[in-house]
There are 4 protein chains.
Amino acid sequence: MNDHSLFAMKQNKNKEKYFRIIQAATRVFARRGFYQAKVSEIAREAKVADGTIYLYFENKDDILISLFEEQMKVVLQNMREQVAGLESPVQKLERFALCHLRLIEQNKDMAEIIQVELRQSSKFMKSYKNEQFAEYLDLIADIVRAGQQEGLFKKAILPDLVKRALFGALDELSRYWVLSSHRKYDIETAAKQISDTFLYGLAADSGKISAEIQGKRERRLR
Amino acid sequence: MNDHSLFAMKQNKNKEKYFRIIQAATRVFARRGFYQAKVSEIAREAKVADGTIYLYFENKDDILISLFEEQMKVVLQNMREQVAGLESPVQKLERFALCHLRLIEQNKDMAEIIQVELRQSSKFMKSYKNEQFAEYLDLIADIVRAGQQEGLFKKAILPDLVKRALFGALDELSRYWVLSSHRKYDIETAAKQISDTFLYGLAADSGKISAEIQGKRERRLR
Amino acid sequence: MNDHSLFAMKQNKNKEKYFRIIQAATRVFARRGFYQAKVSEIAREAKVADGTIYLYFENKDDILISLFEEQMKVVLQNMREQVAGLESPVQKLERFALCHLRLIEQNKDMAEIIQVELRQSSKFMKSYKNEQFAEYLDLIADIVRAGQQEGLFKKAILPDLVKRALFGALDELSRYWVLSSHRKYDIETAAKQISDTFLYGLAADSGKISAEIQGKRERRLR
Amino acid sequence: MNDHSLFAMKQNKNKEKYFRIIQAATRVFARRGFYQAKVSEIAREAKVADGTIYLYFENKDDILISLFEEQMKVVLQNMREQVAGLESPVQKLERFALCHLRLIEQNKDMAEIIQVELRQSSKFMKSYKNEQFAEYLDLIADIVRAGQQEGLFKKAILPDLVKRALFGALDELSRYWVLSSHRKYDIETAAKQISDTFLYGLAADSGKISAEIQGKRERRLR
DNA sequence: AATGAATGAGGCTTCATTCAT
DNA sequence: CATGAATGAAGCCTCATTCAT
């Protein structure tokens with residue numbers, strides 16, 4: 001075994017512990033909130049000693065930041081792949097809404113942190129710019145721009161405004177789910193209603209959009 | 001001066017101090033966030049002694065809760081009045097969007113708290129149910145229902161879903177403004193784009209909605 | 001009404017309020033203990049304003065000291081009268097034991113304070129010497145000395161030691177009663193056993209003491 | 001060094017620190033009284049950080065309770081051994097009185113706490129039952145019962161009453177010593193007078209008791 | 001690298017005391 | 001004299017972080 005592989009092994013071992021702490025922190029932050037969460041509780045949940053946390057993270061803030069980065073990396077990558085395979089901006093936007101809500105559903109802890117602590121964090125960590133999140137939002141803006149270029153969406157609509165509006169709409173909806181731990185309507189219905197509302201809302205020509213939306217269904221059924 | 005007026009004066013004085021603390025807390029919570037805010041800082045900002053806070057509030061949590069209640073009371077009342085004078089659900093929804101964003105603009109500290117701490121609060125104050133906020137959201141749901149009954153909005157759309165989606169869209173937008181303290185587009189544009197998007201999105205018949213939207217403009221110009 | 005009578009009236013009014021506070025403090029100190037008792041609670045119980053307390057007492061410590069002084073004054077006076085009418089030291093000692101326990105019984109709050117706070121007080125109020133209490137103890141020492149002079153009690157016994165021993169015996173017994181709020185034996189039995197034990201214990205000649213003890217009974221029956 | 005000895009060493013270290021805090025608390029509580037004592041002062045006296053206290057004790061109350069438990073454990077054990085070696089109840093009672101006073105003498109801080117704070121404690125720690133102390137008192141009751149069975153003490157005397165009376169007598173005496181920090185008579189004299197008083201007081205036949213008391217002296221001189 | 005006992009700064013809260021009315 | 005709202009000093013306790021092992 002050469003030095004490199006030794007290093008690699010150590011890295012693996014480290015990475016494994018690093019992620020174990022991230023996972024634990026996700027659960028604890030979701031359960032208690034950032035300020036109520038104790039480092040020692042994260043340590044216990046990760047089955048490491050308190051001090052070990054500080055071999056992998058600068059401080060408590062750094063755990064939260066790293067957690068965002070790591071989780072958003074996966075989320076972003078996943079959403080990119082989901083959207084990449086589709087042609088029409090209409091389908092892409094529909095897919096985005098559905099995937100986002102599903103993601104929240106499957107990853108409630110992370111969702112809760114994004115919704116609750118992400119906001120806190122931008123206050124207490126003034127220096128921290130959540131670039132992953134910005135890129136996530138820009139996925140929407142890119143879809144809108146593409147739709148505008150194809151003449152599907154109104155030119156006058158500001159993509160940077162829509163990206164926040166759509167994200168906000170989805171986020172508020174899921175916030176309600178996450179915190180109330182029950183819901184009146186299922187994910188597919190919610191995603192459909194939200195994306196339809198935005199699609200018709202953005203539509204340059206509602207008939208064309210309607211056809212696109214229907215078209216997708218038909219293609220899917222075929 | 002009779003007993004009653006003496007009592008009234010004292011009450012006024014008390015109320016005045018109570019609101020001075022609320023105001024101070026609003027600024028401090030907005031500046032630091034709930035957990036970073038120190039009670040002594042609120043006291044200093046309100047120009048009272050630390051102990052005085054506890055003559056008006058149970059504890060730090062209670063300051064936050066009272067702050068919500070008081071501010072939401074005003075916000076809710078104001079929005080009800082704004083919306084009450086209008087006939088068409090279309091106009092109401094437009095007004096709601098515009099007023100909400102203006103409110104945020106004029107009351108950044110409160111907005112920041114609603115957006116950041118309101119979410120925290122539902123975690124750390126498990127028992128606290130923000131009824132005022134629920135009523136605020138229901139203003140939107142009521143508008144949507146009215147629109148559906150008039151045949152303006154699609155019957156299939158769920159008002160309880162839309163209320164969250166619209167609020168979320170507006171909130172996320174203003175969050176960006178509040179936190180970044182600058183913006184690319186003005187309030188009127190943002191409100192118009194959001195409300196138009198939702199109105200066309202909800203429209204049973206886009207032509208009729210279009211007419212309503214135009215109609216309002218015309219009435220306003222007259 | 002001349003100045004003097006006005007003064008007298010004021011003094012009366014004052015005295016009345018002064019004692020009302022003393023009474024209230026007795027109840028509150030007994031209920032909570034000195035440190036747990038709040039001045040505002042005493043004020044409430046005395047139906048005066050918090051600030052009024054400080055028109056009659058220097059500070060919280062002073063309330064406790066005054067309370068001792070006033071209550072001990074009564075207790076001391078009462079016990080002096082009880083003992084004065086009796087001839088034999090034997091009877092006097094018996095009477096002392098019985099009266100002390102009855103006093104405790106009828107005045108549980110005061111008893112609790114004497115037993116619990118009196119001890120505290122000698123610590124935190126280093127300067128305070130409880131002279132009334134010393135005189136109370138000396139009632140016993142005087143009885144013992146008289147008994148020694150009459151040849152009833154052993155000359156070798158130290159009166160200053162016995163006074164503490166007897167008081168301690170009675171006090172510990174009543175402490176148990178006061179704190180446990182129930183007892184296995186009645187006051188008369190307890191007083192009799194304690195005084196008998198001490199009388200026989202002090203006796204120069206147990207026969208003579210026995211006769212004295214019996215004698216008293218007979219005189220009483222006559 | 002194997003795991004076990006490492007563990008043992010750590011335990012020793014911990015135990016050592018635990019007792020260092022107990023010792024420090026004993027001094028500080030004796031000096032200031034429970035309520036005047038500051039946790040930080042105990043920490044300083046124990047040469048640990050403030051927070052360290054809370055690794056070994058729940059809170060300030062728990063320090064006092066633990067202190068009682070630990071010290072009474074030793075006192076009780078010691079007194080049991082002292083009394084166990086003796087045959088006659090007379091000697092046992094004499095020994096109890098002497099040992100108790102010597103114990104107080106050698107352990108003034110602890111004595112002060114028992115006398116002052118033990119009483120407080122039964123108020124502020126309603127739930128806490130000082131079982132060790134009850135057992136300590138029962139040592140006396142057991143001696144009295146034994147004496148009654150041997151026909152030395154009057155059958156009519158209630159052991160549960162005597163145990164409190166004797167303890168009270170000794171305690172009040174030593175309280176005076178502890179608080180006044182000087183005394184008119186030495187421990188042996190005091191112990192002798194108290195125990196003699198109680199022994200003659202309890203005696204079924206004063207001659208027999210007298211012989212017992214003398215007998216012990218003679219045996220001791222032999 | 002891992003541990004977890006120890007640290008100690010700092011905040012929320014209480015409450016005796018004051019003083020303007 | 002009486003009031004009671006206001007004061008602000010002070011202490012218990014928490015918990016992020018360190019460091020000797």
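## A buried glutamine in chain D

D:Gln132 sits in helix α7 of chain D, which covers residues 131–149. Helices here are DSSP runs (H or I, at least four residues), strands are runs of E with at least two, and both are numbered from the N terminus. This is a predicted model, in which local features need pLDDT of at least 70, side-chain atom pairs count only at pLDDT 80 or more, and totals for chains, interfaces and linings use all residues. Residues are numbered from 1 along each chain as its sequence is written, chains are lettered from A and ligands numbered from 1 in the order in which they are written, and side-chain values use heavy atoms, with hydrogens and water left out.

Is D:Gln132 buried or exposed? D:Gln132 counts as buried because its relative accessibility is 16%. The cut-offs are under 20% relative accessible area for buried, over 50% for exposed, and partly exposed in between (1.4 Å probe, protein chains only). Leaving aside residues up to four places away in sequence, D:Gln132 touches D:Glu69, D:Met72, D:Lys73 and D:Leu76. Contact means heavy atoms within 4.5 Å.

## Around DNA strand F

Now to the DNA. DNA strand F is surrounded by 31 residues. The closest are B:Thr52, B:Tyr56, C:Asn14, C:Thr52 and D:Lys38. A residue is near a strand or molecule if one of its heavy atoms lies within 4 Å of it. Which parts of the strand face the protein? Of the atoms of DNA strand F within 4 Å of the protein, 70% are in sugar or phosphate, and the rest are in bases.

Some phosphate oxygens of DNA strand F have protein partners. The side chain of B:Tyr56 puts an N or O atom 2.6 Å from one. A:Lys60 has a backbone N or O atom 3.0 Å from a phosphate oxygen of DNA strand F. For D:Ala37, a backbone N or O atom is 3.3 Å from a phosphate oxygen of this strand. A polar contact is a pair of N or O atoms within 3.5 Å; within protein, one must be able to donate a hydrogen and the other to accept it, and residues adjacent in sequence count only if both atoms are side-chain atoms.

Helix α3 (50–56) of each of chains A, B, C and D supplies at least two residues of the surface near DNA strand F, and so does α1 (3–32) of chain C. The largest share is five residues, from α3(C). By type, this surface has 14 nonpolar, nine polar and eight charged residues. Ala, Val, Leu, Ile, Met, Phe, Trp, Tyr, Cys and Pro count as nonpolar; Asp, Glu, Lys and Arg count as charged; the others, Gly among them, count as polar.

## Around DNA strand E

How many residues surround DNA strand E? There are 30, and the closest are A:Thr52, B:Lys38, B:Tyr54, D:Thr52 and D:Tyr56. Of the atoms of DNA strand E that come within 4 Å of the protein, 70% belong to sugar and phosphate.

Three side chains can be picked out here. An N or O atom in the side chain of A:Lys17 is 2.8 Å from a phosphate oxygen of DNA strand E. A:Tyr56 has a polar side-chain atom 2.9 Å from a phosphate oxygen of the strand. For C:Lys38, the distance from a polar side-chain atom to a phosphate oxygen of DNA strand E is 3.4 Å.

Which helix gives the most to this surface? It is α3(A), with five residues. The residues near DNA strand E divide into 14 nonpolar, nine polar and seven charged.

## Where chain D meets chain C

The size of an interface is often given as the accessible area lost when the parts come together. Chain D and chain C bury about 3,900 Å² between them, with 60% of it on carbon and sulfur atoms. Buried area is the accessible area (1.4 Å probe) that two parts lose on being put together, summed over both. On the chain D side, α1 (3–32), α6 (108–124), α8 (159–180) and α9 (187–202) each give two or more residues. The largest share, 12 residues, comes from α8(D). This side of chain D has 22 nonpolar, 11 polar and 12 charged residues.

Each chain brings 45 residues to the contact. Six residue pairs are in polar contact across the interface of chain D and chain C (both at pLDDT 80 or more). The salt bridge count is zero. A salt bridge is a side-chain nitrogen of Lys or Arg within 4 Å of a carboxyl oxygen of Asp or Glu.
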